[in-house]
Amino acid sequence: MSGGASEVPVRESWEGLLGVRAASGRPARLGIMGGTFDPIHNGHLVTAQQAMDDLGLDLVLFMPAGSPAFKQGRHVSSAEDRFAMTLLATADNPGFVASRLEIEREGITYTADTLKELRRRLPEGVELYFITGADAIIDIVSWHDAGTIATMATLVGATRPGYDLEWAKAAIDGSGIGFDVRYLEVPALAISSSYLRERASSGQSIRYLTKDSVIGYIEKHGLYAQAGEEAAPWGEGAS
Ligand code: NAP
């Protein structure tokens, strides 16, 4: 089956832009949207835009995880399919860039490695904001090399309204690691990737929950076609 990013126009020359911004006086701010994005949906896009506006980010890199650390052995769509959907979803926003950095790195995807690699590639002084779901942030204490993450980036935990932050705050505060964590309440996060997968696999519409271009890709490639057979295991995903 064909597929993946070859079908989608690529736009990735963001390092230079951040260099210009950093040289202009105020520190450039780069958001990194970390997630599995299986599939990307409007909640992710709204989260990134809200983070951009609230935190004054210059760019947001959407970073589909190649082989997510906490999903080993689980069935997930191939990295190329998840990247292609991410590219399609972000193409019309000049402030969003889809990155292949994690899907091209071999082995389990660790956020600390990503931040170190970005630091190597970026001009000095660029501030990094790692944005993901608050549910994922709660576990950050157990992430590989968590201390490095704390020194390299501000963490941004996206929540849906009514989310109980006390538990998250207690986990982070009790860790003894000096994480800088901000929380963003995002009403559009009432939807989730699993909700889209369930709807798609039972033949229900996912229109208005994600971009039409993403829906077209899902339909063309038969992703989530049948419950329980929606994807190949890690490393075996044909695209
Ligand atoms: P997850 O457990 O699948 O997601 C937890 C919750 O957060 C879900 O409700 C999810 O909703 C939401 N979410 C995930 N990414 C989001 C985003 N960018 N914006 C808003 N909500 C988001 O989490 P995951 O996808 O496996 O991991 C999230 C990120 O943390 C990835 O970048 C991953 O690499 C990183 N991580 C790193 C380590 C490590 O370095 N050891 C360990 C775990 C996770 P949806 O399903 O709708 O997205």
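Pro39 sits in the loop between strand 1 and helix 2 (42-55). The peptide bond leading into this proline, from Asp38 to Pro39, is cis. Its omega is near 0°. The model is a predicted one.

Phe37 belongs to the loop between strand 1 and helix 2 as well. Its phi is near 55°. That is a positive value in a residue other than glycine. Is Phe37 buried or exposed? Phe37 has a relative accessibility of 3%, so it counts as buried, the cut-off for buried being under 20%.

**The ligand and its shell**

Now to the ligand. The space it takes is the largest pocket. Around the ligand there are 23 residues. Which of them come nearest? They are Thr36, His41, His44, Lys71 and Ser193.

By class, the shell holds 10 nonpolar residues, 11 polar residues and 2 charged residues. Strand 1 (29-35) supplies at least two residues of this shell, and so does strand 4 (127-133). Which element gives the largest share? Strand 4 does, with 4 residues.

Three side chains place a polar atom by the ligand, as the table lists.

| Side chain | Ligand atom | Distance |
|---|---|---|
| Thr36 | oxygen | 2.8 Å |
| Lys71 | oxygen | 2.5 Å |
| Thr132 | nitrogen | 3.1 Å |

Thr36 and Lys71 thus each face an oxygen atom of the ligand, while Thr132 faces a nitrogen atom. How much of the ligand does the protein bury? Taken alone, the ligand exposes 860 Å². The protein buries 88% of that area.

**The loop between helix 9 and helix 10**

Another loop runs between helix 9 (193-201) and helix 10 (212-221). Thr210 has its place there. Its side chain reaches the backbone oxygen of Ile40 at 2.9 Å. Thr210 has 3% relative accessibility, and therefore counts as buried.

Tyr208 lies in this loop between helix 9 and helix 10 too. Its phi is positive, about 75°, although Tyr208 is not a glycine. Is Tyr208 buried or exposed? At 64% relative accessibility, Tyr208 counts as exposed, because the cut-off for exposed is over 50%.

So the loop holds a buried residue, Thr210, and an exposed one, Tyr208.

**Asp135 and its contacts**

Asp135 is placed in helix 6 (residues 134-138). Its relative accessible area is 47%, which means that Asp135 is partly exposed. What does the side chain of Asp135 contact? It makes a polar contact with the side chain of Tyr163, at 2.6 Å.

Asp135 can also be set against Gly157. In sequence, Asp135 and Gly157 are 22 residues apart. In space, they are 7.8 Å apart from C-alpha to C-alpha.

**Pulling it together**

Two residues with positive phi have been described, Phe37 and Tyr208. Phe37 is buried, whereas Tyr208 is exposed. The cis peptide bond from Asp38 to Pro39 belongs with the loop between strand 1 and helix 2, where Pro39 is found. As for the ligand, it takes the space of the largest pocket, and the side chains with a polar atom by it include Thr36, Lys71 and Thr132.

Note on methods:
Residues are numbered from 1 along each chain as its sequence is written. This is a predicted model: local features need pLDDT of at least 70, side-chain atom pairs count only at pLDDT 80 or more; totals for chains, interfaces and linings use all residues. Side-chain values use heavy atoms; hydrogens and water are left out. A residue is near a molecule or strand if one of its heavy atoms lies within 4 Å of it. A polar contact is a pair of N or O atoms within 3.5 Å; within protein, one must be able to donate a hydrogen and the other to accept it, and residues adjacent in sequence count only if both atoms are side-chain atoms. Accessible areas come from the Shrake-Rupley method with a 1.4 Å probe; for residues, only the protein chains shown count as cover. On a 1 Å grid over the protein atoms alone, a cavity is a set of points where a 1.4 Å probe fits but cannot get out, and a pocket is an open set with protein on both sides within 12 Å along at least five of seven lines; lining residues have an atom within 4 Å of a point. A molecule sits in a cavity or pocket if more than half of its atoms lie within 2 Å of its grid points. Ala, Val, Leu, Ile, Met, Phe, Trp, Tyr, Cys and Pro count as nonpolar, Asp, Glu, Lys and Arg as charged, and the others, Gly among them, as polar. Buried means under 20% relative accessible area, exposed over 50%, partly exposed in between (1.4 Å probe, protein chains only).
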